[in-house]
Amino acid sequence: MEPSSGARVSVICPTYNRSRPILDTLASVTAQSVTDWEMLVVSDGSSDDTDDWVRHAARTDPRIRLLRTPRHGHPSGPRNIALAEARGEVIAYLDHDDRWREDHLAVVLSLIDRGAELVATGFELRDPAGAPTAASQPYEMCWHPEFQLLGVVFEPSRVAHRRGLAERAGGWHAGAGMEDWDLWLRMADAGARFTTVADRTSVLLDDSGTRRHRIPPRLQLRLAVFDEPRAAHMMLQILRNGRDDAAYRAAQLADTDDWLARLVADDRFVRPLGWSGDPAADIARARQSASQEFWRDLVVVRQRNRFILAQPLRCATAEHAERVTSLVRRSQPRLFALLDSVAAECAEARTGARSR
């Protein structure tokens with residue numbers, strides 16, 4: 001296969017010390033039914049033989065290009081370098097431990113050809129031995145700007161977009177949060193909308209050792225604010241003892257039903273193409289059937305002279321965390337009415353204890 005200076009799709013793959021297993025990722029690209037692509041593999045200062053394996057693959061298929069960069073320690077820098085080198089009109093991302101089904105690019109381009117600018121596909125999860133562990137469901141491919149604000153809806157290996165879209169949103173940012181969540185949100189804030197399909201064209205590695213699972217949550221969704229630490233810890237103890245879990249769960253489910261009904265009626269709500277199911281009902285059923293342990297990861301943090309009972313967040317910026325807190329309070333009024341009542345009870349108890 002001869003290299004093409006006018007490849008329609010530029011596939012961007014940052015890598016670090018992946019060694020021979022990167023060949024499986026590269027092979028999933030060379031096996032694509034769409035052949036009009038280039039693949040930019042950006043080695044982030046790899047210190048093993050990863051570069052040699054990529055060069056070996058490139059000798060077999062010159063559509064693969066190795067770009068070597070000094071160590072960034074984060075995939076955003078390598079992705080930005082590849083964006084500057086990309087020649088395709090469509091940018092597709094592939095992490096070095098994921099793979100694509102052979103029709104992935106064909107599905108992506110079918111959406112682009114229908115006018116989409118930002119697309120995502122379904123996925124399968126497989127463990128390091130290759131055994132399937134989970135798969136996306138159609139309702140999980142629904143999208144709305146508020147979904148994007150609240151969570152990491154699509155991993156990079158499932159996403160493609162028209163060239164220039166990432167740069168107009170400010171490019172990939174390095175930081176302590178999930179950089180894909182951050183970029184997709186900035187794209188959405190700039191007016192971009194996802195187009196999705198339920199087709200499971202991406203195969204993602206399900207391994208607790210991957211970087212995604214090691215990102216520490218450094219920001220918080222505030223549940224309550226106190227003037228002294230004992231009141232905050234009192235509320236934490238009350239929530240963790242499970243006393244009112246049934247009431248919390250009922251309030252959360254009712255709030256979520258109302259919220260989803262509002263989103264589904266919004267013109268910005270996106271369903272996966274070709275799917276005619278009821279997203280609100282499917283999401284509600286999934287939430288009801290899920291075994292949910294409330295409040296297990298709450299923390300008490302000090303901010304200046306206040307003490308915050310909070311849910312940890314892995315978002316990238318304090319401004320994003322503030323937006324999450326605001327939206328959750330607005331979309332969960334019943335739940336927060338209960339929490340505010342407990343917070344007031346704890347604050348009053350500590351005030352009474354100090355006055356005695």
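This passage describes two enclosed helices, a set of salt bridges, one pocket and one strand residue in a predicted model.

Helix α4, which spans residues 104–113, is largely enclosed by the rest of the structure, because seven of its ten residues are buried. These buried positions are His104, Leu105, Val107, Val108, Leu109, Leu111 and Ile112. The helix is followed by Gly115, a residue whose phi is positive, near 105°. Helix α7, covering residues 179–189, is likewise described as largely enclosed by the rest of the structure, since ten of its eleven residues are buried. The buried residues of α7 include the charged positions Glu179, Asp180, Asp182 and Arg186, and the list is completed by Trp181, Leu183, Trp184, Leu185, Met187 and Ala188. After α7 comes Gly191, whose phi is also positive, with a value near 110°.

The start of α7 also takes part in a salt bridge, one of the 25 that the structure holds. In this pair, Glu179 meets Arg79, and the closest N and O atoms are 3.1 Å apart. Because Glu179 belongs to α7 and Arg79 to helix α3, the pair ties together parts that are 100 residues apart in sequence. Both partners fall under the 20% limit for burial, as Glu179 has a relative accessibility of 5% and therefore counts as buried, while Arg79, at 2%, counts as buried too.

A second salt bridge joins the side chains of Glu89 and Arg8, with a distance of 3.3 Å from N to O. This pair links distant parts of the chain, since Glu89 sits in the loop between α3 (76–85) and β4 (90–93), whereas Arg8 sits in the segment before β1 (9–15), 81 residues apart. Glu89 has a relative accessibility of 40% and so counts as partly exposed. A further salt bridge is formed by Asp103 and Arg101, whose closest N and O atoms are 2.7 Å apart. Asp103 is partly exposed at 23% relative accessibility, and Arg101 is also partly exposed, with a relative accessible area of 34%. Elsewhere, Glu38, Arg65, Glu85 and Arg87 are linked in a network of salt bridges.

Attention then turns to open space in the model. The second largest pocket holds about 200 Å³ of space, and its lining is made up of 14 residues, among which Arg18, Asp97, Arg99, Asp127 and Leu205 lie nearest the centre. By residue type, this lining divides into seven charged, five nonpolar and two polar residues. Helix α1 (22–30) and strand β9 (194–205) each supply at least two residues of the lining, and β9 provides the largest share, with three residues.

The final position considered is Ala160, which is placed in strand β8 (residues 159–162). With a relative accessible area of 0%, Ala160 is buried. The C-alpha atom of Ala160 is separated by 5.4 Å from that of Ile91, although the two residues are 69 residues apart along the chain. When residues up to four places away in sequence are not counted, Ala160 touches Val90, Ile91, Ala92, Val108, Glu117, Leu118 and Val119. One of these contacts, Val108, is also one of the buried residues of α4, and Val90, Ile91 and Ala92 fall within the range of β4 (90–93).

Notes
Residues numbered from 1 in each chain as written. Predicted model: local features only at pLDDT ≥ 70, side-chain atom pairs only at ≥ 80, totals over all residues. Heavy atoms only, no water. Buried < 20%, exposed > 50% of the residue type's maximum accessible area, 1.4 Å probe, protein only. Helix = DSSP H or I, 4+ residues; strand = E, 2+ residues; numbered from the N terminus. Salt bridge = Lys/Arg side-chain N within 4 Å of Asp/Glu carboxyl O. 1 Å grid on protein atoms, 1.4 Å probe; cavity = no way out; pocket = protein on both sides within 12 Å on 5 of 7 lines; lining within 4 Å. Points joined across faces, edges and corners; volume = space filled by probe spheres on them. Contact = heavy atoms within 4.5 Å.
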